[in-house]
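This briefing covers packing, charged pairs and backbone features of one protein chain. Please have the sequence and the model open while reading.

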Amino acid sequence: MTGFGDRKRQVVHRIQRLVVNPVGRQLPVTMLETTGRKSGQPRHTPVGGRVVDDKFWMVSEHGEHSDYVRNIKANPSVRLRLGGKWRSGIAHLMPDDDAVRRLGDLPRLNSAVVRVMGSDLLTIRVDLD
């Protein structure tokens, strides 16, 4: 039987895939580029987070259920579009980090959305080149 968290994740994923991501790709927002684990093609996902000391911190709403997290697990080399410029880096999944606490250090609006929409929070750190 499907639990509430699974159903919530499915609904949110569909909204993000059909509405949020296509719109976000057209806006000057922070964009994460991963390499598709099956296709090998670049995949772009709008994300929220903050750079601190050449490290970009963010929290995935659906943890290891997110396609971009699965892509990172297959290939941690990523790029981030920050302020209109692309920067390369290596992504690290941080399951031992307190993701709810981490959201307190990240941009408020994005953090509020992640708290409401999220089903399995996971901190990600990208060490920027």
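What kind of contact joins the side chains of Arg37 and Asp67? The answer is a polar contact of 3.4 Å. The model is a predicted one, and the points below start from Arg37 before turning to the other charged pairs, the nonpolar cores and two loop residues.

**Arg37 and its surroundings**

- Arg37 sits in the loop that runs between strand E1 (31-35) and strand E2 (42-46).
- With a relative accessibility of 36%, Arg37 counts as partly exposed, because that class lies between the 20% and 50% limits.
- Leaving out residues up to four places away in sequence, Arg37 touches Asp67, Arg70, Asn71 and Ala74.
- Besides the polar contact with Asp67, the side chain of Arg37 makes a polar contact of 2.7 Å with the side chain of Asn71.
- Arg37 and Tyr68 are 31 residues apart in sequence, and their C-alpha atoms are 9.1 Å apart in space.
- Arg37 also belongs to a network of salt bridges that links it with Asp67 and Arg70.

**The Asp67 and Arg70 pair**

- Within that network, the side chains of Arg70 and Asp67 meet in a salt bridge of 3.6 Å, N to O.
- Arg70 and Asp67 are 3 residues apart in helix H2, so about one helical turn separates them.
- Arg70 is partly exposed, at 34% relative accessibility.
- Asp67 is likewise partly exposed, with a relative accessible area of 34%.

**Other salt bridges**

- The count of salt bridges comes to 9.
- One of them joins the side chains of Asp97 and Arg102 at 2.8 Å, N to O.
- Asp97 is partly exposed at 22% relative accessibility, whereas Arg102 is buried at 16%.
- Those two values fall on either side of a class limit, because buried means under 20% relative accessible area.
- Another salt bridge, of 3.8 Å from N to O, is formed by the side chains of Arg101 and Asp105.
- Arg101 is exposed, with a relative accessible area of 56%, while Asp105 is partly exposed at 40%.
- Arg101 is found in helix H3, which covers residues 99-103.
- The C-alpha atoms of Arg101 and Thr123 are separated by 9.9 Å, with their positions 22 residues apart along the chain counted as the sequence separation.

**Nonpolar cores**

- The largest nonpolar core has 15 residues, and the members that touch the most others are Leu32, Phe56, Leu80, Ile124 and Val126.
- At least two residues of this core come from each of strand E4 (55-60), helix H2 (67-74), strand E5 (77-82) and strand E7 (122-128).
- E7 gives the largest share of this core, with 4 residues.
- Val126 is in contact with Asp54, Lys55, Phe56, Val78, Leu80, Gly89, Ile90 and Ala91, leaving aside its neighbours within four places in sequence.
- A second core, separate from the one above, has 7 residues, among them Trp57, Val59, Leu103 and Leu106.

**Positive phi in the loop between E3 and E4**

- Asp53 is found in the loop between strand E3 (50-52) and E4.
- The phi of Asp53 is positive, at about 55 degrees, although Asp53 is not a glycine.
- Asp53 is exposed, with a relative accessible area of 69%.
- Asp54 lies in the loop between E3 and E4 as well.
- Asp54 is not a glycine either, and its phi is positive at about 60 degrees.
- Asp54 counts as partly exposed, with a relative accessible area of 44%.
- Asp54 is also one of the residues in contact with Val126.

**Points to take away**

- Arg37, in a loop between two strands, is linked with Asp67 and Arg70 in a salt-bridge network.
- Helix H2 holds both Arg70 and Asp67, and it is among the elements that supply at least two residues of the largest nonpolar core.
- Strand E7 supplies the largest share of that core, and Val126 is one of the members that touch the most others.

Notes. Residues numbered from 1 in each chain as written. Predicted model: local features only at pLDDT ≥ 70, side-chain atom pairs only at ≥ 80, totals over all residues. Heavy atoms only, no water. Core = buried A, V, L, I, M, F, W, Y, C linked by side-chain atoms within 4.5 Å. Buried < 20%, exposed > 50% of the residue type's maximum accessible area, 1.4 Å probe, protein only. Contact = heavy atoms within 4.5 Å. Polar contact = N/O pair within 3.5 Å; in protein donor to acceptor, adjacent residues only side chain to side chain. Salt bridge = Lys/Arg side-chain N within 4 Å of Asp/Glu carboxyl O.
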